[in-house]
Amino acid sequence: MATRAIQAFRSLEGLFCVYKPAGVFWKSVRDDIETKLLKGLDALPPPPLPVQTRFLAPPGGDTLTPRLSAVNVPVLSKHPLVTGPEFQHIRVGVGHRLDTFSSGVLVIAVGNGNKVLSDLYNTKVTRDYTLEGEFGTATDDFSHTGRVVERTTYDHITQDKLERVLAMLQGANQKALLTYTNVNMQSQEAYEMAVQGLLGPEGKSPPILTGLRCIRFQPPNFTLEVQCLNETQKYLRKVVHEIGLELRSTAVCKGVRRTRDGTFTLQDALIRHQWTPAEVMRAVKQYHAAMRKRLSH
């Protein structure tokens, strides 16, 4: 019969997502979650100790011809103080990673959920980001914390000019998407894949921006909303840099935040104080329910 800790662990197996703060290494997030889940599982009441029958002499009896009696005693070798915690390690995996500079949705897998995580890697789902940019400066790593290599003016930049550059970049990326998609774009198959959001590059491809728009323009600051495939956060910071160059200026990226990874959104993400077995169980249950609903349609 499964113990309460094992039953609880089975409820934890699956996928969920957390909010990774900027300035924190993704591995630290994973290790923190694993530690909190282990502590929660091992804090559950242990099962009762098994007993064994032993034949013991009654106290004060005749030591020469003792009369033995059967006594049930606990098996102390099975005591938690002897065996240690029931769970000493659990498999916690991380989906599409975020670098230390970035924040946002980070998909986590527990136990058998790691098998599903590999499927997530192979699907053509897009990811959404918001990029915070600032005109007037260029750095060696395209971020606002890098070494400044150039300063420029930006008074000539208008929102219309920025929108035209974004449209140009999106057009170039749409052509790249068609180039790397191994499907006849005039076919019914291509149409159905596009409707389902499954149209994407076959195999490996360079990063591709499938959507790009400005959602805030307050020079020198601006905010972009990006949908993409096969990206890295360094690539996204470079996109901000290149936008500055196209506008005959410079720009640095002040923040990268992932707002969606496939079906996982910011609304699903557990913040740090929610990285507990109870909250993870709820999130995993919600994920399983959503998957069943999608499969039934």
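Before I come to the strands, let me fix one term: two strands pair if DSSP finds at least two bridges between them. With that in hand, and bearing in mind that what you see above is a predicted model, I would like to start at strand β11 and its short partner, strand β12 at residues 264–265, which pair in the antiparallel sense over two bridges. One of the contacts to look for there is D261, whose bridge partner in β12 is F264. The hairpin that β11 and β12 form has two residues between the strands, and in it G262 takes a positive phi near 65°.

Staying with β11, which runs over residues 251–261, let me ask how many of its eleven residues are buried. The count is nine, so the strand is largely enclosed by the rest of the structure; buried here means under 20% relative accessible area.

Which strands, besides β12, does β11 pair with, and in what sense? With strand β6, residues 127–135, the pairing is antiparallel and extends over nine bridges, and within it G133 has C253 of β11 as its bridge partner. With strand β5, residues 103–110, the pairing is parallel and rests on two bridges, where G104 finds its bridge partner in R258 of β11.

From β5 I move to helix α4, residues 113–122, in which G113, N114, L117 and L120 are buried. These four cover an arc of only 95° around the axis, which means that they sit on the same side of α4. On the face turned away from that buried side, α4 carries the exposed residues K115 and N122. As for what the buried residues of α4 pack against, the partners are β1 at 14–20, β4 at 92–94, and β5, the strand that we have just seen paired in the parallel sense with β11.

The last stop is the second largest pocket, whose volume is about 450 Å³. Of the 20 residues lining this pocket, those closest to its centre are H96, Y121, R127, N230 and E231. Two elements, α4 and β6, give two or more residues to the lining, and the largest share, three residues, comes from α4. By class, the lining of this second largest pocket is made up of six nonpolar, eight polar and six charged residues.

So that you can follow this on the screen, I suggest viewing β11 with its neighbours β5, β6 and β12, and then turning to α4, which also contributes to the pocket lining.

Notes:
Residues numbered from 1 in each chain as written. Predicted model: local features only at pLDDT ≥ 70, side-chain atom pairs only at ≥ 80, totals over all residues. Heavy atoms only, no water. Buried < 20%, exposed > 50% of the residue type's maximum accessible area, 1.4 Å probe, protein only. Arc of directions from axis to C-beta. Contact = heavy atoms within 4.5 Å. 1 Å grid on protein atoms, 1.4 Å probe; cavity = no way out; pocket = protein on both sides within 12 Å on 5 of 7 lines; lining within 4 Å. Points joined across faces, edges and corners; volume = space filled by probe spheres on them. Nonpolar A, V, L, I, M, F, W, Y, C, P; charged D, E, K, R; others polar.
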